[in-house]
Amino acid sequence: MAGARKYMGAYWQSADLHYEISKGAHKGVKGYEFYSQMGQAAKAAGSDAVTENFISFQVAGTPQTCLEKIAFIKSKVHMNHFAAVFKYGGMPIEVAENNMRRFADTVMPALQRDELRVSRSASAVAAAD
């Protein structure tokens, strides 16, 4: 999970810097009430806590951990697709490619079995930044 903290953390921090969520840039902007609430919570919790929270919502870790997280998400929301992101925040392309290949070799086969299938017509979609 050190890689997740390093690269997913860098991704979150760059998004926060760009959108100024923790600076409260969305306060009072109609339609962005959720971002305003996120900004207030981010400011109160601090940068490290918000980064850890962001990472906790992502699918990362060992293949078994990834499968458990996907199953958990599926149990909470109606899900007919899964989009995997393999490259975050300045990660070298070689690391991202290794992530993608490991996912394809170890996680995808389980997702394609009936008990973890996200839908009858779709299994998983991969994405990279």
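User: Which residues lie nearest the centre of the largest pocket?
Analyst: In this predicted model, the lining of the largest pocket is made up of 32 residues. The volume of this pocket is about 760 Å³. Nearest its centre lie M8, V59, A60, G61 and C66.

User: Which element supplies the largest share of the lining of the largest pocket?
Analyst: At least two lining residues come from each of helix 1, helix 4 (63–76), strand 1 (83–85) and helix 5. The largest share amounts to 7 residues, and the element that supplies it is helix 5.

User: How do the lining residues of the largest pocket divide into nonpolar, polar and charged?
Analyst: The lining comprises 32 residues. By class, the charged residues number 3, the polar residues 7 and the nonpolar residues 22.

User: What is the volume of the second largest pocket, and which element gives the largest share of its lining?
Analyst: The second largest pocket has a volume of about 230 Å³. Its lining includes W12, I21, F34, M38, N53 and F57. Two elements, helix 2 and helix 3, give two or more residues each to this lining. The largest share is 5 residues, from helix 2.

User: How many charged residues are in the lining of the second largest pocket?
Analyst: The lining holds 11 nonpolar residues and 1 polar residue. Among the residues that line this pocket are A41, A42, A45, A49, V50 and F54. The number of charged residues in the lining is none.

User: Against which helices do the buried residues of helix 1 pack?
Analyst: Helix 1 covers residues 2–19 and spans 25 Å from first to last C-alpha, close to the expected 26 Å. Its buried residues are A4, Y7, M8, G9, W12, A15 and D16. M8 is also one of the residues nearest the centre of the largest pocket, and W12 lines the second largest pocket. The buried residues of helix 1 pack against helix 2 (33–45) and helix 3 (47–56).

User: Which residue just after helix 1 takes a positive phi?
Analyst: Helix 1 consists of residues 2–19. Just after this helix, a positive phi of about 55° is found at E20.

User: Which residue forms a salt bridge with R5, and how many residues apart are the two?
Analyst: The closest N and O atoms of R5 and its partner E52 are 3.1 Å apart, and the two form a salt bridge. The pair links distant parts of the chain, with R5 in helix 1 and E52 in helix 3; their separation is 47 residues.

User: Why does E52 count as partly exposed, and what is its relative accessibility?
Analyst: Buried residues fall under 20% and exposed residues over 50%, with partly exposed in between. R5 has 43% relative accessibility and therefore counts as partly exposed. E52 likewise counts as partly exposed because its relative accessibility is 34%.

User: Which residue forms a salt bridge with R101?
Analyst: The closest N and O atoms of the pair are 2.8 Å apart. Both residues belong to helix 5 (residues 93–112), where being 4 residues apart places them about one helical turn from each other. The partner has a relative accessible area of 35% and is partly exposed: E97.

User: In what order do the elements of the chain run from the N terminus?
Analyst: The chain has 129 residues, of which 32% count as buried. Its secondary structure comes to 5 helices and 2 strands. From the N terminus on, the order is α-α-α-α-β-α-β.

Terms used: Residues are numbered from 1 along each chain as its sequence is written. This is a predicted model: local features need pLDDT of at least 70, side-chain atom pairs count only at pLDDT 80 or more; totals for chains, interfaces and linings use all residues. Side-chain values use heavy atoms; hydrogens and water are left out. The expected span of a helix is 1.5 Å times one less than its number of residues. Buried means under 20% relative accessible area, exposed over 50%, partly exposed in between (1.4 Å probe, protein chains only). Contact means heavy atoms within 4.5 Å. A salt bridge is a side-chain nitrogen of Lys or Arg within 4 Å of a carboxyl oxygen of Asp or Glu. On a 1 Å grid over the protein atoms alone, a cavity is a set of points where a 1.4 Å probe fits but cannot get out, and a pocket is an open set with protein on both sides within 12 Å along at least five of seven lines; lining residues have an atom within 4 Å of a point. Grid points are joined across faces, edges and corners, and a volume is the space filled by probe spheres set on the points. Ala, Val, Leu, Ile, Met, Phe, Trp, Tyr, Cys and Pro count as nonpolar, Asp, Glu, Lys and Arg as charged, and the others, Gly among them, as polar.
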